[in-house]
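Work through the exercises below with the sequence and the coordinates at hand. Each task is followed by a solution in steps.

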Amino acid sequence: MTEIILAGLGQTDVGEHWDISLRDLAFLAIESAIKDAGELKPQALYVGNMLAPNLSRQAHLGALLADFAGLTGIEAVTVEAAGASGGAALRQGYLAVKSGLVDVALVVGVEKMTDVVGAGVEEALATAADSDFESVQGLTPTAQAALLMQRYMHEYRVPADGFAGFALTAHANGAGNPHAMFRKAIKPETYAKAEPLTPPLNMFDAAPNADGAAALVLTRRELLPSDWPHPLVKILASATASDTLALHDRKDPLFFEAAHLATGRAIKQAGITLDQVDFFEYHDAYSIYAALALESSGFAIRGHGWKMAADGRISLTGNLPCATMGGLKARGFAGGATGVYQAVEAATQLRGQAEACQVTRARVGMIQSLGGPASTAVVHILEKLD
């Protein structure tokens, strides 16, 4: 069986990079990943990006970044699936190498939120929603998440501080991640006193928009030299699914059907059960997304996802560690780069190199990237090889 290995990992710090361009940011991650992969030369480049045409006034990132990285002539394209863009780009790289048509693929996710300030960022993020029926009415992603959270709290009688566990876990884990935007744990009373954002969301229920780039080098196991220096991490499964773009077209807005389908397909492809997943990197752009991801993926029954966070079951020492290096909430939400950051972090866990964030004896990790409220879901399962 062909085994696809994450041979090289690279990432920049996540934050507000006012003094660096989008192409320079991507190059730093690319350079780091190729160095980590022993200078393997890619034949294809897949770029995950969501907002560059809107915020950076730059499309055609495949050719731009291949040129800037000294890789002119290779296949190079951009993949866009809103917040799932990085995960979708990783899937394209996986399929290319798995098919045998590409020996070495480079995947990079990059986003520059700070190329625009103020309302322009929210306007750009709203392009992930249904323009004709949602964003044209002024609905922002944050307001949409607030509506979902309000309905969830009503349906399942969740207390006002019921979602605090997601932020507390993310910030506790992010404190040990040197690349995270926020590296300080918070207390329950800090969450309770937080300023409202869009009620019932407060500022700790939403991931901060940020700049960042992460990169991966993928190849087949048989192409690696015999003296390979890193612990081997393979992509055990890759799957994706879609749902309606507009929430009002769904039978049940409190169930992420695309996440359910993509997770089921990935688990079947991997030949494992959910019980064998050692940690889960969910897409916690908002606390409500984390709860719905746990439920839709099958880790919690309906209406109980928030209890997993409240009970500490998603902490590093819990039965299902989540957001192990801070998640989107503490690491920062770098738009279309998110899925690649998740893969880099998961591979770091499986290599045993996560240091203060390390999940003990981690062998199987699952990554889930969402575009909007799971209008797109991309799931990858990674495994540490002996």
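A residue counts as exposed when its relative accessible area is over 50% and as buried when that area is under 20%. The structure is a predicted model.

**Exercise 1. Backbone outliers**

Task: Find where Glu355 lies and decide whether Glu355 is buried or exposed.

Solution. Step 1: Glu355 belongs to the loop between H13 and strand E10 (364-371). Step 2: the relative accessible area of Glu355 is 70%, and the cut-off for exposed is over 50%, so Glu355 is exposed. Step 3: its phi is positive, about 50°, although Glu355 is not a glycine.

Task: Do the same for His60, buried or exposed?

Solution. Step 1: His60 sits in the loop between helix H2 (52-56) and helix H3 (61-68). Step 2: with 63% relative accessibility, His60 is classed as exposed. Step 3: the phi of His60 is near 60°, again a positive value in a residue other than glycine.

Task: Which peptide bond is cis between Pro199 and Pro200, and where is Pro200 found?

Solution. Step 1: the bond from Pro199 to Pro200 has omega near 5°, and this bond is cis. Step 2: Pro200 is part of the loop between strand E5 (196-198) and strand E6 (201-202).

**Exercise 2. A covered strand**

Task: Describe how strand E4 (residues 104-111) is covered and which strands it pairs with.

Solution. Step 1: count the buried residues; eight of the eight residues of E4 are buried. Step 2: split them by face. In a regular strand, side chains alternate between the two faces of the sheet. On one side of E4 are Val104, Leu106, Val108 and Val110, on the other Ala105, Val107, Gly109 and Glu111, and all are buried, which leaves both faces covered. Step 3: identify the partners. Strand E2 (residues 44-48) pairs with E4 in the parallel sense over five bridges. Strand E7 (residues 212-220) runs antiparallel to E4 and is joined to it by eight bridges. Step 4: fix the register at Leu106. Leu45 stands opposite Leu106, and Leu106 also stands opposite Val217 in E7.

**Exercise 3. Aromatic contacts**

Task: Classify the ring pair Phe280 and Phe299, and say what it ties together.

Solution. Step 1: a pair of aromatic rings is described by the distance of the centres and the angle of the planes. Step 2: nine aromatic pairs are found in the whole structure. For Phe280 and Phe299 the ring centres are 5.1 Å apart and the planes are at 40°, so this pair is tilted. Step 3: Phe280 is in strand E9 (residues 279-281), while Phe299 is in the loop between helix H10 (287-296) and helix H11 (305-310), so the pair connects parts 19 residues apart in sequence. Step 4: Phe280 and Phe299 are both buried. Step 5: ring pairs join Phe280 and Phe299 with Tyr152, Tyr156, Phe163, Phe166 and Tyr282 into a cluster.

Task: Where does the charged end of Arg23 sit?

Solution. The charged end of Arg23 is over the ring of Phe68, at 5.9 Å from the ring centre.

**Exercise 4. Pockets and a cavity**

Task: Characterise the lining of the largest pocket.

Solution. Step 1: the volume of this pocket is about 400 Å³. Step 2: its lining has 26 residues, and those closest to the centre are Leu125, Pro141, Thr142, Tyr286 and Phe333. Step 3: helix H5 (119-125) and helix H6 (141-156) each supply at least two lining residues; H6 gives the largest share, three residues. Step 4: by class, the lining has 18 nonpolar, seven polar and one charged residue.

Task: Repeat this for the second largest pocket.

Solution. Step 1: the second largest pocket holds about 270 Å³ of space. Step 2: among its 16 lining residues, Gln11, His179, Val344, Thr348 and Gln353 are closest to the centre. Step 3: two or more residues come from each of strand E1 (4-11), helix H1 (22-36) and helix H13 (338-351). Step 4: five lining residues are nonpolar, eight polar and three charged.

Task: How many cavities of 30 Å³ or more are there, and what lines the largest cavity?

Solution. Step 1: there is one cavity of 30 Å³ or more. Step 2: the largest cavity contains about 40 Å³ of space. Step 3: its lining includes Phe166, Asp205, Asp284, Tyr286 and Lys329. Step 4: helix H7 (residues 164-174) contributes the most to this lining, three residues.

Notes
Residues numbered from 1 in each chain as written. Predicted model: local features only at pLDDT ≥ 70, side-chain atom pairs only at ≥ 80, totals over all residues. Heavy atoms only, no water. 1 Å grid on protein atoms, 1.4 Å probe; cavity = no way out; pocket = protein on both sides within 12 Å on 5 of 7 lines; lining within 4 Å. Points joined across faces, edges and corners; volume = space filled by probe spheres on them. Helix = DSSP H or I, 4+ residues; strand = E, 2+ residues; numbered from the N terminus. Nonpolar A, V, L, I, M, F, W, Y, C, P; charged D, E, K, R; others polar. Buried < 20%, exposed > 50% of the residue type's maximum accessible area, 1.4 Å probe, protein only. Pairing = 2+ DSSP bridges. Phe/Tyr/Trp six-rings, centres within 6.5 Å; stacked < 30°, edge-to-face > 60°. Lys NZ or Arg CZ within 6 Å of the ring centre and 35° of its normal.
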